[in-house]
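Me: I am new to reading protein structures, and I would like to go through this one slowly, with a reason for each step. Could we take it question by question?

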Amino acid sequence: MAPKEIPELWDAPTTTCSVQGKEGALSRAWDQFAKAASKQERRPFHIPDGVQAVPTYEEAAACFQAAGDIEQAKRVSATGAKLRK
């Protein structure tokens with residue numbers, strides 16, 4: 001018997017960076033961005049990587065925002081939102 005409700009794949013979007021300070025946030029943002037991009041690339045062959053890429057992109061965007069790189073935050077956020085849909 002099929003479930004009555006489809007479970008959500010993700011929690012609410014991540015909006016805060018896990019690192020304090022501009023330099024730390026920028027470093028974390030680039031690390032998370034690289035991790036998410038590699039997961040997105042493997043997504044066609046390993047579905048869980050595509051699911052895991054979404055919150056990773058969202059954290060990267062939050063860290064770019066915290067570091068003051070608004071344009072990169074917008075681009076990364078848009079990529080995460082596209083995967084979320």
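**Salt bridges and the core**

Reply: Let us begin with one side chain: Arg 28 has a relative accessibility of 28%, and therefore counts as partly exposed. Please keep in mind throughout that this is a predicted model.

Me: With which residue does Arg 28 form a salt bridge, and how far apart are the closest N and O atoms?

Reply: A salt bridge here needs a side-chain nitrogen of Lys or Arg within 4 Å of a carboxyl oxygen of Asp or Glu. Arg 28 meets this with Glu 59, and the closest N and O atoms are 3.0 Å apart. Because Arg 28 lies in helix 1 and Glu 59 in helix 2, the pair ties together parts that are 31 residues apart in sequence. The partner asked for is thus Glu 59, at 3.0 Å.

Me: Is Glu 59 buried or exposed?

Reply: The word buried is used for a relative accessible area under 20%, and exposed for one over 50%. Glu 59 has a relative accessibility of 11%, so this residue counts as buried.

Me: Which residues are joined with Asp 49 into one network by salt bridges that share partners?

Reply: Asp 49 forms a salt bridge with Lys 39, where the closest N and O atoms are 3.5 Å apart, and this pair ties together parts 10 residues apart in sequence, because Asp 49 lies in helix 2 and Lys 39 in helix 1. Asp 49 also forms a salt bridge with Arg 42, with the closest N and O atoms 2.7 Å apart. Asp 49 is buried, with a relative accessible area of 8%, whereas Arg 42, at 38%, is partly exposed. The residues that share this network with Asp 49 are Lys 39 and Arg 42.

Me: How many salt bridges does a search of the whole structure find?

Reply: The pairs discussed so far include Arg 28 with Glu 59 and Asp 49 with Arg 42. When the whole structure is searched, the number of salt bridges found is five.

Me: Which helix supplies the largest share of the largest nonpolar core?

Reply: This core has 16 residues, and those touching the most other members are Tyr 57, Phe 64, Val 76 and Leu 83. Helix 1 (22-42), helix 2 (47-67) and helix 3 (70-84) each supply at least two of the core residues. Eight residues, the largest share, come from helix 2.

Me: Which residue in helix 3's neighbourhood, numbered 76, does Phe 64 touch?

Reply: Leaving aside residues up to four places away in sequence, Phe 64 touches several residues, among them Leu 26, Trp 30 and Phe 33. The contact numbered 76 is Val 76.

Definitions and conventions. Residues numbered from 1 in each chain as written. Predicted model: local features only at pLDDT ≥ 70, side-chain atom pairs only at ≥ 80, totals over all residues. Heavy atoms only, no water. Core = buried A, V, L, I, M, F, W, Y, C linked by side-chain atoms within 4.5 Å. Buried < 20%, exposed > 50% of the residue type's maximum accessible area, 1.4 Å probe, protein only. Helix = DSSP H or I, 4+ residues; strand = E, 2+ residues; numbered from the N terminus. Contact = heavy atoms within 4.5 Å.
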